[in-house]
Amino acid sequence: MRFLHRLLSLGRNLVRPQECERQLADELSAHLDLLIEEKVRAGLSLAAARREALREFGGIEQVKERVRRVRRGYYIESLVRDFRNAGRSLLRAPGFGIVAMLTLAIGSGAAIAMFSIFDAALGRPLNFVRPEELLSISEHSVEQGLRESHLSFPKFTALREEKIFAEVAAYSGETAMLQGARGMVQVPAARVTGTLFPLLGLQPERGELFGAAETRDVALLTHQCWQDRFASDEAVVGSQILINGRNHTVTGVLPADLSRPLSQFEVLLPGVRNIDFLSPEQIVRGAGYLHVIGRCAPGGRASLPAALQRVDERYRRAFPENMDAMFTSGASDLTRSVTREIRPSLYALCAAMGCLFTLACLNVSCLFLARLAAQREELVLRAALGAEHRRLVQHLFSETTIIAGGGLALGLGIAAGGMNALRLLNSPLIPFPITQSVTPRAMVFAGLLFGLISMALTLAGALHAGLWRRDVALSSPSARRIRSNRLGSAFVVGQIALSLVLLLAAGLLLSTLQRVRDVKVGFDSAGVIIADMSSLPSRYPRPVDYAAFVENLVRNLESLPGVNRAALVYGLPLAQDDTYILCTSLDKKMTAVRDRPTSYFRVITPGYFEAMRIPLTAGCAFSSRDNNDNPNVVIISQATARMLFGDADPIGQKVICGGTVQAIHEVIGVVGDVRSTDVTRPSRPEMYFSIFQQMEPTMKLVVRTTGKVGNAQALAPAINKCIQALDPQQPALEFEPMQQLVSKSVAHRRLLALVLAILAALALVLAMVGTYGVMSFAVVERRREIGLRLALGATSGGILRLIFARGFKLTIAGVLIGTALAFAGARFLSGLLFDVSPTDPAIFVASISCLAALTSIAIYLPARRAMRVDPIIALRA
Amino acid sequence: MSAPKHGPANLLQGTLDLLVLKALAFGPLHGLGISRRIAQITNGTFEVKPGSLFPALYGMAEAGWLKAFWGESESNRRAKFYQLTRAGRRQLEIETQDWQKISLAIESALRAT
């Protein structure tokens, strides 16, 4: 009952404060009148009675204040009043408020954006059932320098039989020809084991999934495919569609929120052994092509390595000659393996944005410090007049809260805008889905930041103003000044250090970008366009027909106007198409499989080297005579030649290629090395086989055009017409310039460098503004001292040097700390750099000079003002 | 706890509430009247100044123990009168019992050697 009453009183007090005040004033004056009347009745004169009554009363205002304190809603009301006052005082001097809010907006915007990106990328990349239990199983070979290689089918079977995992499944990616609503298209597809769906806990959006023992021709579409290729037609489910030339029944559609690694495919097919780019023999003999996922309860994780080792041992004993007998199996978190490539960049970005945020906070602290100094007299006076310390802290709190609130709201807006931009950009560089611009978790994070910043600033301000001490008024002005100057200087040093770190990072990444662009890839991509031709095997099952088609195709294409050379290749560089093959020279002893070197496996038509302008350094290229009726030949790269034969002449030597399926090839030519997996990694040994001796189904068409680089795409229709004239059933090919593959391989570096450059620029601006602010503030505070010096005979040049010296000391301190930080963090950045040491002296010198130059300007401007101080005015003030 | 003519500093807020409630037990009074009544019933020991009286009155009014209304004093002047509510009467009983318990306890503590 009491609570309810109190609540009602609270409401009344808050809603009608004037009414309450009026009633109080009335009551007190009535009381006073009664008191006076009483005294008059006791015999005093009116004037004496009044005096007595007032004395007895004890001060009307004090009584009013005591009543107010007792009233419900006092705290709230005082808080509201403080906020209104703070708002008014901020509006009166909008410069401070705007600068502080903007600075905070930049810093917090960066922090919130980073949090959102982190959340989207690493927070929950997989939405399967209990994703923390899912493991990705892969092979690695230390000798061959291979990591996370695909498993072979026999090994997968061995894994399944050992029952190490509660559930295990596999999938393999390929390209399929799909007859969609708008014609034949090539789509990324995957062959999966039926156990994949229960393993991941997937449920279909429409229709149903296929099971583990599925033998019919069925297919599952992803939501993306169903939407893009079949226009979300409901009738597709259950109907037949043409995939790879055969009718498949569509059993169902997968949900739209399918995450990696399955979201990269459009069609899922059963039959993991029906891979079209490997022969059944190759599959049996251990060719690795499967991604394997297993589910393991957290408790069983410890016994995994031993169990996997057992599997490896048994496999090695059963199939000693298989190519992957020497590989070791390992399991890692599926989540981790899916995000592996982007982690270094994300961490670097996170660190950079953290730097910017800290910088912004330092800046805002500097601003508050200056403002506090200006307000100190007022606060001291209020404390001396009896204001509770609580009220003073509340006053500080309301100011910092308004600034923090405004800044963070703006920052949230900036972050949301940035994330929206990223989402609309839909760049393939960003391998994780950005569904919302600002997730709820990011909002919570923003709220936490808000609380943290306003609390921290309030506390710092209160401590600095000495509000906790009883003798608030007693700290001397000069002592206070020294304290705030020291703090300001510390902040400036911090800002300079942080901006140096960001500047260095940006410089290093930009330099890396330059080096990467300058890398010699070994081929000339200018004017070259490429396209996928995966449909050949089904059309030409007989080698003789296949060979004829290929020959005719190349000849017809090269006769087109504007086409210089045309070729087919399996294993195009930078196309993520690399497969390996074992090889050894004939005259070496047959070493164990483990010790045999591997090289990249490529199959080409004779004109390939000319089309890609890969230099032939010895021997000759393939010709149409190198077919199945003639001895096997091979062309090797320079790296292979060095690896197998050292300095000896490789031409005419024989090599044995393959693990269990072996063939002897004669080396007829040597070509230059080519950068293949990654532009920044040195070339691995390569071997080229003639397409007429090694039929490879999935080829890429490479066409070098004669015209200007930009016109290459314009030839696409002509090329397609030519192909279709040869074989009307071929689909229209989509071409892209080879240069795009080269650019794609550096694209994420470019993005990272760009973002870091922007951050560094922002950091520089903030640091300069902060330095300028602190230095001018110091000059203002020391005006009397400067005036005194000038009056006592110092030259204005001397004053300039004085201020400059002080500022320079700060700069040097900042540079030293920044360099130390950079050295400490060099390790983390080295993963992203190429051909540049993280402590590259040239970049260091350049960054430091740039920073020093800008800082000098920031110091010079207030120093110049100091020079102009009129000693008389300064001393009089 | 006896310091005549010194109100606020030496009077515990709780006992002031009790005294006010008791003073109003016999009927509604205005602020000055409550002050005088308390002085009377405590034999002059406590003189409650406005600085402590009014905060106490407002606090108790907001808690629902007193009801305030404007009326006329004996000399026909306008004054604000306070009256015990039912909850106030209950509170008076509770506080009386509490006080008796406390004073018995302290008395026995002081008697012990």
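Two residues are in contact when heavy atoms of one lie within 4.5 Å of heavy atoms of the other, and with that in mind the tour of this predicted model can begin where its two chains meet.

**Stop 1: the interface**

Select chain A and chain B together, and look at the contact between them, which takes 25 residues from chain B and 25 residues from chain A. The size of an interface is often given as the accessible area lost when the parts come together. Between chain B and chain A about 2400 Å² is buried, with carbon and sulfur atoms giving 59% of that area.

Next, show the side chains on both sides of the contact, where four salt bridges are counted between chain B and chain A. One that can be picked out directly is the pair of B:R36 and A:E38, whose closest N and O atoms are 2.8 Å apart. Eight residue pairs are also found in polar contact across the interface of chain B and chain A, with both residues at pLDDT 80 or more.

Which elements of chain B supply at least two residues each to the side that touches chain A? They are α2 (31–41), α3 (50–63) and β3 (78–84) of chain B, and α3(B) gives the most, with nine residues. Coloured by class, this side of chain B shows twelve nonpolar, seven polar and six charged residues.

**Stop 2: chain B alone**

Hide chain A and follow chain B along its sequence, where four helices and three strands come in the pattern α-β-α-α-β-β-α. Of the 113 residues of chain B, 45% count as buried, and among the contacts in chain B with a separation of 6 or more, 51% come from residues 24 or more positions apart.

Then select helix α4 of chain B, residues 86–111, which has 26 residues and reaches 38 Å from its first C-alpha to its last, close to the 38 Å expected at 1.5 Å a residue. The buried residues of α4(B) are B:G88, B:Q91, B:L92 and B:E95, and these are worth showing as sticks. An α-helix has 3.6 residues a turn, so residues three or four places apart point the same way.

**Stop 3: salt bridges in chain A**

Bring chain A back for a look at its charged pairs; over all chains the count comes to 33 salt bridges. Side chains of opposite charge can pair when their charged atoms come close. Start with A:E139 and A:K155, which meet in a salt bridge at 2.9 Å, N to O. Because A:E139 lies in strand β1 of chain A and A:K155 in helix α7 (residues 153–162) of chain A, the pair ties together parts that are 16 residues apart in sequence. Both A:E139 and A:K155 are buried.

Move on to A:D524 and A:R704, a salt bridge in which the closest N and O atoms are 4.0 Å apart. A:D524 lies in the loop between α16 (477–518) and β13 (528–533) of chain A, and A:R704 in strand β22 (residues 699–705) of chain A, so the pair ties together parts that are 180 residues apart in sequence. Is each partner buried or partly exposed? A:D524 is partly exposed, with a relative accessible area of 29%, whereas A:R704, at 3%, counts as buried. To see several partners at once, select A:E21, A:E65, A:R68 and A:R71, which are linked in a network of salt bridges.

**Stop 4: around A:A256**

Select A:A256, in the loop between β9 (246–253) and β10 (267–269) of chain A, which counts as exposed because its relative accessibility is 52%. Leaving aside neighbours within four places in sequence, A:A256 is in contact with A:E205 and A:H223. A:E205 in turn forms a salt bridge with A:R206, at 3.1 Å, N to O.

**Stop 5: two residues with positive phi**

Most residues other than glycine have a negative phi. A:R130, in the loop between α6 (94–123) and β1 (134–141) of chain A, has a positive phi near 45°. A:A231, in the loop between α9 (223–230) and β8 (240–243) of chain A, likewise has a positive phi, of about 50°.

**Stop 6: a buried residue in a helix**

Finish at A:S345 in helix α13 (residues 343–384) of chain A, which counts as buried because its relative accessibility is 16%. Beyond its neighbours within four places in sequence, A:S345 is in contact with A:H748, A:L752 and A:L832.

Terms used. Residues are numbered from 1 along each chain as its sequence is written. Chains are lettered from A and ligands numbered from 1 in the order in which they are written. This is a predicted model: local features need pLDDT of at least 70, side-chain atom pairs count only at pLDDT 80 or more; totals for chains, interfaces and linings use all residues. Side-chain values use heavy atoms; hydrogens and water are left out. The expected span of a helix is 1.5 Å times one less than its number of residues. Buried means under 20% relative accessible area, exposed over 50%, partly exposed in between (1.4 Å probe, protein chains only). Buried area is the accessible area (1.4 Å probe) that two parts lose on being put together, summed over both. A polar contact is a pair of N or O atoms within 3.5 Å; within protein, one must be able to donate a hydrogen and the other to accept it, and residues adjacent in sequence count only if both atoms are side-chain atoms. Ala, Val, Leu, Ile, Met, Phe, Trp, Tyr, Cys and Pro count as nonpolar, Asp, Glu, Lys and Arg as charged, and the others, Gly among them, as polar.
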